[in-house]
Every structure is written in structure tokens, then in C-alpha cells.
Amino acid sequence: MGDVRVLAIDGPSGAGKSTSARAVLAALSTLDARTAMVSTDAFATWDDPVSWWPRLEQGVLAPLAAGRPGSYRAMEWADGSPRPGRLVPVDVPEVLILEGVSSGRRAVRSRLSCLCWIDGGSEAARLTRTVTRDGEHSRLDLHRWQLFERGWFPVDGTRAAANIHLLHALNAPR
């Protein structure tokens, strides 16, 4: 993608994508690499798990590919409802880490330097992790999200397209 190398860290909810992305970001910072990280959680909502992609494409990916900084409006969940929030600037990095469900989708694969897939264990274990993280009030939405993922990933072919496969997140409790 221009001079920017792009690492996508994808997999189902609760697999540990964010944990792994933060570990990679920290490791790259020790090498003095200019890095940026964008999470699909900043775009997705319960009712819109993946069709928001054009906002990421137009606001971040296209400008970075042209060597220009990008930006996006992150979703904020102050009262449990998603609303467009603050504008997040994205300077041109050497390495862009895209992390989250659908970050390695077919539409971006030709521009990725690497696609990492994290399995994260059984649906039940992942649901427990996400409910622990997000709160019991989110259990039904998280379960609906898992049902969506069951259809999304096989159709998109994300797991099969990955260069790297991990069973669990880096540095995450199992």
C-alpha cells in the first residue's frame, strides 16, 4: 500500500486480536519503526458489523497509500448506543496495523503485507472472555455477533487466506 506495510490481525471476537496487536505495536516501537494502529472496533456497531468499510478505505487506507495522513471518526458508546465521536488522525507510518473482525477481508488482501489469523478457542470460551471484558449486559449482542461471524469468515475466506495462524493471542491468559 504505497510505502506503508500493512499487517492485518483478524479472527473472531474474543480471540485476542487487540492484545496481539498491542504486543506487535510495542515490539515495533522498540525498533523505532513509525507505526499506527487502527481497530475495526472504531467503526463497527452491533447493527453494522462490516458494511462501514468504505469509511476506513476513504479516510485512512486511500490517503496512506498516496503518502498522505488519514483520519477517521471513531464510534463512541457513551450510553450504550454508538455515535460518531472524535476525529482520529493517522499519520503516515512505516507499518499500519489493522486489527479486528474483518480487518483482513478480501477487499484489502491485495494490499496487505501480512494477514494474521487468531482462532482464540471455542465460541463458549471467547464469549466468556468478551462478556468479562464488556459486561454481562452485552452477552446477547456478543452472541448475535458470534452468529454473524460464523457466516462472515467462511464466505470471506479470511482464515484460509492468512499467512500466520495463531491459536491464542500473544501474551494473553488462556
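**Exercise 1. In this predicted model, determine which residue meets Arg139 in a salt bridge, and how exposed each partner is.**

*Solution.* Begin with the pair itself: the side chain of Arg139 meets that of Glu136 in a salt bridge, with an N to O distance of 2.6 Å. Next, classify the two partners by relative accessible area, taking over 50% as exposed and under 20% as buried, with partly exposed in between. Arg139 has a relative accessible area of 35% and is therefore partly exposed, whereas Glu136, at 52%, counts as exposed.

**Exercise 2. Find the salt-bridge partner of Arg133 and classify both residues by accessibility.**

*Solution.* The partner is Asp134, and the closest N and O atoms of this salt bridge are 2.7 Å apart. For the accessibility, Arg133 counts as exposed with a relative accessibility of 54%, while Asp134, whose relative accessible area is 28%, is partly exposed. As context for the pair, a search of the whole structure finds nine salt bridges.

**Exercise 3. Work out which parts of the chain are linked by the salt bridge between Arg126 and Glu149, and whether each of these residues is buried or exposed.**

*Solution.* First, the geometry: the closest N and O atoms of Arg126 and Glu149 lie 3.8 Å apart, and the two residues form a salt bridge. Second, the location: Arg126 belongs to helix α3 (residues 123-134) and Glu149 to helix α4 (residues 139-156), so that the pair, 23 residues apart, links distant parts of the chain. Third, the accessibility: Arg126 is buried with a relative accessible area of 6%, and Glu149, at 3% relative accessibility, counts as buried too.

**Exercise 4. Describe how α3 and α4 are placed relative to each other, and list the residues through which they meet.**

*Solution.* Start from the axes, which come within 10 Å and cross at roughly 140 degrees. That angle makes α3 oblique to α4. The handedness follows as a separate item: α3 passes α4 in a right-handed crossing. Finally, turn to the contacts, where α3 contributes Glu123, Arg126, Leu127, Thr130, Val131 and Asp134, and α4 contributes Arg139, Leu142, His143, Gln146, Glu149 and Arg150.

**Exercise 5. Explain why strand β6 is described as largely enclosed, and show which residues cover each of its faces.**

*Solution.* Count the buried residues in the strand: five of the five residues of β6 (residues 114-118) are buried, and therefore β6 is largely enclosed by the rest of the structure. Then separate the two faces, both of which are covered: Cys114, Cys116 and Ile118 are buried on one side, and Leu115 and Trp117 are buried on the other.

**Exercise 6. Trace the strand pairings from β7 through β6 and β1 to β5, giving the direction and a bridge partner for each pairing.**

*Solution.* Strand β7 (residues 164-166) runs parallel to β6 and is joined to it by three bridges, with Cys116 standing opposite Ile164 of β7. From β6, continue to strand β1 (residues 5-10), where the pairing is parallel and has four bridges; among its partners, Ala8 is matched with Leu115, and Ile9 stands opposite Cys116. The last step leads from β1 to strand β5 (residues 95-99), a parallel pairing with five bridges, in which Arg5 has Val95 as its bridge partner. To complete the description of β1, note that five of its six residues are buried, so β1 is largely enclosed by the rest of the structure.

Technical notes:
Residues numbered from 1 in each chain as written. Predicted model: local features only at pLDDT ≥ 70, side-chain atom pairs only at ≥ 80, totals over all residues. Heavy atoms only, no water. Buried < 20%, exposed > 50% of the residue type's maximum accessible area, 1.4 Å probe, protein only. Pairing = 2+ DSSP bridges. Salt bridge = Lys/Arg side-chain N within 4 Å of Asp/Glu carboxyl O. Axes fitted to C-alpha atoms, helices over the stretch in contact; angles between N-to-C directions. Parallel < 35°, antiparallel > 145°, perpendicular 65-115°, else oblique. Left-handed = near helix turned anticlockwise from the far one by under 90°. Contact = heavy atoms within 4.5 Å.
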